[in-house]
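Biologist: Could you walk me through the aromatic rings and one of the helices here?

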Amino acid sequence: MCSVITFSRVTAVHRALALTLRHRANTEGWSYAAAESRRFCPGVNYGIDSLQGPRRSYCSRMTLKEGLLFRQLFEKESSTYTYLLADTDTKQAILIDPVLETIDRDLKLIHELGLDLKVAVNTHCHADHITSTGLMKKRLVGLKSAISKFSGASADIFLSEGDKISFGKRHLTVRETPGHTDGCVSLVTDDQSMAFTGDALLIRGCGRTDFQQGCPKKLFQSVHQKIFTLPDQCLIYPAHDYLGQTMSTVGEERRFNPRLTKSLEEFVKIMDNLNLPKPNKIDIAVPANLVCGVHQV
């Protein structure tokens with residue numbers, strides 16, 4: 001009798017579990033993607049509640065987006081993120097904010113993945129590192145450099161609000177986000193699932209506004225009008241992070257950013273009283289970046 005009761009209970013549990021899994025597979029269509037997302041993002045909760053809400057896409061979009069290859073790369077001295085995106089069908093690619101010291105690493109990865117790098121774009125004229133775009137153009141035939149038309153820097157392509165940077169079937173849309181510098185832009189994927197915000201919006205922070213035409217009022221307006229208007233689940237990828245954080249979301253920053261949740265007046269007061277030391281490389285980085293990183297040092 002006991003064995004029969006035990007067997008029936010186990011069968012009932014298994015039947016309920018099978019029905020649950022079948023329901024998830026039929027209604028969500030991403031059981032395998034969820035499993036893979038757990039593997040790539042082990043700190044994310046994938047309980048039933050998270051499967052039913054928009055939060056489920058935060059990590060799965062980064063690692064499993066169909067047709068898009070994505071790599072986030074890091075340069076430790078300046079804590080700079082470089083981003084590589086490619087259309088998996090055509091192999092056309094773009095590179096965002098490349099750093100001179102990591103040019104060999106970046107070119108090796110591009111070669112290993114068999115990519116055709118079309119554009120290397122800088123989100124602004126950096127003050128803490130030298131871009132590798134100028135030298136990279138000498139090593140990759142046909143590569144074009146891009147930067148904001150308001151940056152004052154040299155480039156093959158000058159970017160304005162609404163411009164599209166295409167790579168295969170995909171593209172990034174330019175949103176002008178001045179404030180850290182006059183020539184800051186944010187780049188948004190065609191489906192608005194990812195935004196590369198440069199120094200305008202950092203994770204729980206923002207770029208400083210005390211040099212290079214910095215203006216706290218402009219930065220506040222840029223973030224609220226051009227970035228916080230994106231969907232809550234849009235992933236935020238900044239140009240830097242100094243605490244080991246890799247990404248955030250629009251919804252998180254709108255709720256938790258300690259500077260940008262304040263009023264405009266409070267934000268201006270905070271930014272005017274940061275009293276930060278100037279970047280170590282500003283005296284060589286800015287002049288070099290104004291000529292696309294082609295320089296003599």
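Here are a few questions and answers on those two topics.

Modeller: Happily! This is a predicted model, where local features need pLDDT of at least 70, side-chain atom pairs count only at pLDDT 80 or more, and totals for chains, interfaces and linings use all residues. Residues are numbered from 1 along each chain as its sequence is written, and side-chain values use heavy atoms, with hydrogens and water left out.

Biologist: What kind of aromatic pair do Tyr-83 and Phe-196 form?

Modeller: Rings of Phe, Tyr and Trp (its six-membered ring) pair if their centres lie within 6.5 Å; planes under 30 degrees apart count as stacked, over 60 as edge-to-face and the rest as tilted. A search of the whole structure finds nine such pairs. For Tyr-83 and Phe-196, the centres are 5.0 Å apart and the planes meet at 55°, making the pair tilted.

Biologist: How far apart in sequence are the parts that this pair of Tyr-83 and Phe-196 ties together?

Modeller: Helices (H or I, at least four residues) and strands (E, at least two) are DSSP runs, numbered from the N terminus. Tyr-83 sits in strand S2 and Phe-196 in strand S10, so their pair joins parts separated by 113 residues.

Biologist: Which residues of helix H9 are buried, and which are exposed?

Modeller: Buried means under 20% relative accessible area, exposed over 50% and partly exposed in between (1.4 Å probe, protein chains only). On one side of H9, Glu-265 and Lys-269 are exposed. The buried residues in H9 are Phe-267, Val-268 and Met-271.
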